[in-house]
Amino acid sequence: MTAMGRQRREAVRLQEAELFEQDIKPPEVARRLRVSRKSAYQWHEVWRGGGTAALASRGAGGSRCRLSPRCLEKLAAYLEQGPAAHGWVEDQVWTAARVATLTGGKFHVSYSVWGATRLMHRLGFSPQVPARRVAERDERAVDVWKEATWAEVKEPGRPAGVTSASRTRPGSPAGRPKDAPGAGVGSPRS
């Protein structure tokens, strides 16, 4: 959650504290402030245990970033250079696993793949997934199979012609052959 979002939530909790001090019950507080009853009851318990100060925001949740702001700047510069500058020459994509390896090698800080993904998002990057191809894949053989075998295996499609999206109403009589039943009937009502 962003800092602004945390401030908004804290403001709502502090308004709730004011209402609790006026002996207003949690269901009414929930209705007035447009929050869930569950939240109102939870915050009422917290307020009863520690007062208004207990409803203050404790800051961002989760663990802190293990890289300093200076290291984050360096990492962003490394990512801008591209994977080839750091030894990955087979393709030019930053995967989360590569970023985790890079942070381990450059900063001696280990990140999981999920942690590296979050780190990349924090820096404005997104991890990419390289195309996976079988090493033994023979493109020529695949093309030959598509041209020869697939044409035989593939079932024939629906014949071209007038179709209707309705199960109960046939297609337009104007598109019917002259000798088909109903060909002489006027246009259908809409």
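**Figure 1. Lys 106 sits over the ring of Tyr 78.** In this predicted model, Lys 106 lies over the face of Tyr 78, 5.0 Å from the ring centre. A second charge-over-ring arrangement involves Arg 13 and Trp 43. Here Arg 13 lies over the ring face, at 5.9 Å from the centre of Trp 43. The cut-off for a charge over a ring is 6 Å from the ring centre, so the distance of 5.9 Å falls within it.

**Figure 2. The whole chain, for orientation.** The chain has 190 residues, and 25% of them are buried. Its secondary structure comprises seven helices and zero strands. Read from the N terminus, the order of elements is α-α-α-α-α-α-α.

**Figure 3. Phe 20 and Trp 47 form a tilted aromatic pair.** Aromatic pairs number three in this model. In the pair of Phe 20 and Trp 47, the ring centres are 5.5 Å apart and the planes meet at 45 degrees. An angle of 45 degrees is neither under 30 nor over 60, so the pair counts as tilted. Phe 20 belongs to helix α1 (residues 3-21), and Trp 47 to helix α3 (residues 37-50). The pair therefore ties together parts that are 27 residues apart in sequence. Phe 20 and Trp 47 are both buried.

**Figure 4. Trp 88 and Trp 94 meet edge-to-face.** This aromatic pair has a centre-to-centre distance of 5.7 Å. The planes of Trp 88 and Trp 94 stand at 75 degrees. That angle is over 60 degrees, so the pair counts as edge-to-face. Trp 88 has 17% relative accessibility and counts as buried. Trp 94 is buried too, at 7%. Both values are under the 20% cut-off, which means that neither ring residue counts as partly exposed.

**Figure 5. Asp 91 contacts Arg 98 through side chains.** The two side chains are joined by a polar contact of 2.8 Å. Asp 91 is located in the loop between α4 (69-81) and α5 (96-107). Its relative accessibility is 22%, so Asp 91 counts as partly exposed.

**Figure 6. Asp 23 and Arg 34 have positive phi.** Most residues other than glycine have a negative phi. Asp 23 has a phi near 65 degrees. Asp 23 is placed in the loop between α1 and α2 (26-33). With 65% relative accessibility, Asp 23 counts as exposed. Arg 34 is not a glycine either, yet its phi is about 60 degrees. Arg 34 is found in the loop between α2 and α3. Its relative accessible area is 78%, so Arg 34 is exposed.

**Figure 7. The second largest pocket is lined by twelve residues.** The pocket encloses about 260 Å³ of space. Arg 13, Leu 55, Ala 56, Ser 57 and Arg 58 are the lining residues nearest its centre. Two elements, α1 and α3, each give two or more residues to the lining. Helix α1 gives the most, with three residues. By type, the lining divides into six nonpolar, two polar and four charged residues. Arg 13, one of the residues nearest the pocket centre, also lies over the face of Trp 43.

Technical notes. Residues numbered from 1 in each chain as written. Predicted model: local features only at pLDDT ≥ 70, side-chain atom pairs only at ≥ 80, totals over all residues. Heavy atoms only, no water. Phe/Tyr/Trp six-rings, centres within 6.5 Å; stacked < 30°, edge-to-face > 60°. Helix = DSSP H or I, 4+ residues; strand = E, 2+ residues; numbered from the N terminus. Buried < 20%, exposed > 50% of the residue type's maximum accessible area, 1.4 Å probe, protein only. Lys NZ or Arg CZ within 6 Å of the ring centre and 35° of its normal. 1 Å grid on protein atoms, 1.4 Å probe; cavity = no way out; pocket = protein on both sides within 12 Å on 5 of 7 lines; lining within 4 Å. Points joined across faces, edges and corners; volume = space filled by probe spheres on them. Nonpolar A, V, L, I, M, F, W, Y, C, P; charged D, E, K, R; others polar. Polar contact = N/O pair within 3.5 Å; in protein donor to acceptor, adjacent residues only side chain to side chain.
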